[in-house]
Amino acid sequence: MYPDELTLKWGFLENPFSIFSIEGEARGLKFDARSFFVEPPYFQRIVGDPKRPLSTIIIGARGSGKSFIRNSLRDEIFNKGYKVLIIDYVDFYDDVFEVLDQEDVILDYHLNKIIYLCLVSLLKELEKKPIILEFLNSNEIYYLQWLSEKYKQEFPKFSENSMLEKILNKLQSVKRNIDLELKSVNNLELLNIFVELSRKAGFVSIYILIDKVDENQQSFSQISKFLYPLINSRDYLSLNGISTKIFIPAEIFNFFSNSIRIDGIDLIELSWTRNDL
């Protein structure tokens, strides 16, 4: 009997041993694989305290369960009753690596991407609860207006009559030119503004979950060069109100483990001791 036939008799929709990602398992199994999640001893350290968010680097070999931990982290925060703006930064395309060759340019690319993802998530929250707009002061409305204008070319297509489209139109109709005020604001300052906006929307903090950076055709050396400016940015990783969780393969982390500052950042290696097992 072939493996696919055998696993079908066992109640699986398809052979689970042919699936290599947690997302694939959720589609292929009749039940969510997270339902039999065994919490590892370091899990609560990774989750952290949303009220006092700190950044964490999570190191594990490929296939060690980094993405599983990332998804379980989301569930844990929800189950604890915290309202956290959780951002998945997981799309890394090959063409990006070809055009980015300077550390400051790479860092700005990462920060721009994170700001964009935060903006889309916050606008979707406003779509669900448009009354939040009533709690924003005029400056905060202007910030949202400016940000939505800056990133409007990257927005996904929204239906013409959706609440989100109406919110964008409302923001863009505010009559005030704030370009001169915000053109000199750098990306780190914009993220600080975002923390305040998210708090007005009821979020206690922002979690940025960076994962799947190795799921492309790039070499470990090239990927480490791409990640280094972000991991080595103390100014970014120490921002108040933001916890960045970087899930990184050990094979990539080894390229710069001796050249980055990790003081003040929790460094966790995914492993089990014999006693833990």
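Trainee: What makes residues of the lining of the second largest pocket count as nonpolar, polar or charged, and how do they divide?

Mentor: In this predicted model, the lining divides into seven nonpolar, one polar and five charged residues. Val, Leu, Ile and Phe count as nonpolar and Lys as charged, so Val84, Leu85, Ile86 and Phe203, which are among those nearest the centre, fall in the nonpolar class and Lys128 in the charged class.

Trainee: How many residues line the second largest pocket, and how much space lies in it?

Mentor: The lining is made by 13 residues, and about 310 Å³ of space lies in the pocket. The elements giving two or more residues to this lining are α4 (66-79), β2 (84-89) and α6 (103-128).

Trainee: Why are α6 and α10 called roughly parallel?

Mentor: Two packed helices are described by the angle between their axes and the distance between the axes. The axes of α6 and α10 (residues 187-200) cross at roughly 20 degrees and come within 10 Å. Angles under 35 degrees count as roughly parallel, and α6 and α10 are therefore given that description. Their crossing is left-handed.

Trainee: Which residues of α6 and α10 make the contact?

Mentor: On the α6 side they include Asp108, Leu111, Ile114 and Cys118, and on the α10 side Leu188, Leu191, Phe194 and Ser198 are among them. By class, this contact has eleven nonpolar, three polar and one charged residues.

Trainee: What makes α6 oblique to α7?

Mentor: Helices α6 and α7 (residues 138-150) pack at about 120 degrees, with their axes 11 Å apart. The range from 65 to 115 degrees counts as roughly perpendicular, and roughly antiparallel applies over 145. An angle of about 120 degrees lies in neither range, so α6 is oblique to α7. The crossing of α6 with α7 is left-handed. Asn112, Ile115, Leu119, Leu122 and Leu126 of α6 meet Leu144, Leu147, Ser148 and Lys150 of α7, and these residues divide into six nonpolar, two polar and one charged.

Trainee: How do you know that α6 and α11 are roughly perpendicular?

Mentor: The axes of α6 and α11 (residues 220-231) cross at roughly 75 degrees and come within 8 Å. Angles of 65 to 115 degrees count as roughly perpendicular, and the term therefore applies to α6 and α11. Their contact includes Glu103, Ile106, Tyr109 and His110 of α6, with Lys225, Phe226, Tyr228 and Pro229 among the residues of α11. By class, the contact has nine nonpolar, one polar and two charged residues.

Conventions:
Residues are numbered from 1 along each chain as its sequence is written. This is a predicted model: local features need pLDDT of at least 70, side-chain atom pairs count only at pLDDT 80 or more; totals for chains, interfaces and linings use all residues. Side-chain values use heavy atoms; hydrogens and water are left out. On a 1 Å grid over the protein atoms alone, a cavity is a set of points where a 1.4 Å probe fits but cannot get out, and a pocket is an open set with protein on both sides within 12 Å along at least five of seven lines; lining residues have an atom within 4 Å of a point. Grid points are joined across faces, edges and corners, and a volume is the space filled by probe spheres set on the points. Helices (H or I, at least four residues) and strands (E, at least two) are DSSP runs, numbered from the N terminus. Axes are lines fitted to C-alpha atoms, for helices over the stretch in contact, and angles run from 0 to 180 degrees between N-to-C directions. A crossing is left-handed if the near helix is turned anticlockwise from the far one by less than a right angle, and right-handed if clockwise. Contact means heavy atoms within 4.5 Å.
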